Amino acid sequence: GINAEYGGCHHSQTKCEQNMFRFNFGGSPSSPSSSSSSTTATEGNSIGGGNSSSHTTTPIIPPKIILPTEDNINSTFPKEAVGFLPPLPSQHDSESVVNIQRYLRVKPSDSSPLSHVLEKSDLKPGVYEGGFKLWECAVDLTRFLIETKVDLKGKKVLELGCGQGIPSIYTLFVGASEVVFQDYNEEVLNQLTIPNVYLNLGKSGVDRSKFISGDWSLLSTILKEEEKYDFILMSDTLYSIESYPKIFSVIDNHLSKDGILFIASKTYYFGVGGGIRLFEDFIEKRGKGRYAFTSLKTIADGGSNMREIVKIEYSKNT
């Protein structure tokens, strides 16, 4: 009796949060008050969950490996803070049913500088990149991986702008050998991503994972250039055009020759200029034809603006 309703919204952030997901704990429907606190974000007063810190007035946060500790592995969140996010492509296909748990109503500790930021906005480029929210494209990507039964067993996975880490947690469920969870903010990894991984997979999941905070432009200083990944995952990270060179650099340095980059994104992020088409153009020009770009799925549910799942891989002609 665990289910979720999937939807979207053009309206204010609060209204979107109330309408995006309804969680059902143990078979009993959740109340409006509990659904409003399960924060799945659409555009509202913010745009995405990635890494757009190229503003000249903002210092770049250097990358840092975050080591799981007793404090963040053995989370002390109360039980009522745990919700289920089951992407169920088919309720009649038992192999496709994956009940992913996540912590709800999570925010930075009161002592964190981010707590002041979140009082006013869900996103402040170069300071906080939205990692405490569950963005709808992360759910789109997870559902797609389940629906299409992408073979992830024994694969190495890198998720950029992971936030809650839902897509990569799924890859661990189905046998990924190594997963790197990357988010701009160290607090997100410590207070949410690592607890989510442990909540779902215990120590075995944490042992197969690496957690890295910081700016994408310096990621290769921690991930050595010879470190290649079979899959790179991104969701709601294309809202900032200024971040595209950083993303390209990660792809160029760390996607294996036979690897695939899956992106879940709005087709257009109105008001800020980013989106799938602009990124496709950027990859074509910067990559000089070395990459093939394929649109795999369009999601037009009438709630939010159009979303897509796309694939980028090395062109067969290169």
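In what order do the eight strands of the open sheet lie? The points below address this and the packing around the sheet in a predicted model.

1. **Strand order.** The open sheet of eight strands follows the order β4-β10-β9-β8-β11-β12-β14-β13, and its pairing is mixed. The edges are formed by β4 (64-65) and β13 (291-299); each has a single partner strand, so one side of each lacks a neighbour in the sheet.

2. **The β8 and β11 pair.** Strand β8, residues 156-160, runs parallel to β11 and is joined to β11 by four bridges. Within this pair, Glu159 is placed opposite Leu233 of β11.

3. **Helices on the sheet.** Helix α5 packs on the sheet, where α5 touches β11, β12, β13 and β14 (307-314), and the direction of α5 makes about 130 degrees with that of β12. Helix α8, residues 244-254, lies across β8, β11, β12, β13 and β14 and runs at about 155 degrees to β12.

4. **The largest nonpolar core.** This core has 35 residues, of which Leu145, Val157, Phe181, Val197, Phe211, Phe231 and Phe262 touch the most other members. Two or more residues each come from α5 (136-147), α6 (166-173), β9 (178-183), α7 (186-207), β11 (229-235) and β12 (255-266). The greatest contribution, seven residues, is that of α5.

5. **Contacts of Leu145.** Apart from neighbours within four places in sequence, Leu145 is in contact with Val150, Pro167, Tyr170, Thr171, Leu233 and Phe262.

6. **A second core.** A separate core of 31 residues is also present, and its members include Val180, Leu255, Ile263 and Phe293.

Methods
Residues are numbered from 1 along each chain as its sequence is written. This is a predicted model: local features need pLDDT of at least 70, side-chain atom pairs count only at pLDDT 80 or more; totals for chains, interfaces and linings use all residues. Side-chain values use heavy atoms; hydrogens and water are left out. A nonpolar core is a set of buried Ala, Val, Leu, Ile, Met, Phe, Trp, Tyr and Cys residues joined through side-chain atoms within 4.5 Å. Buried means under 20% relative accessible area, exposed over 50%, partly exposed in between (1.4 Å probe, protein chains only). Contact means heavy atoms within 4.5 Å. Two strands pair if DSSP finds at least two bridges between them. Axes are lines fitted to C-alpha atoms, for helices over the stretch in contact, and angles run from 0 to 180 degrees between N-to-C directions.
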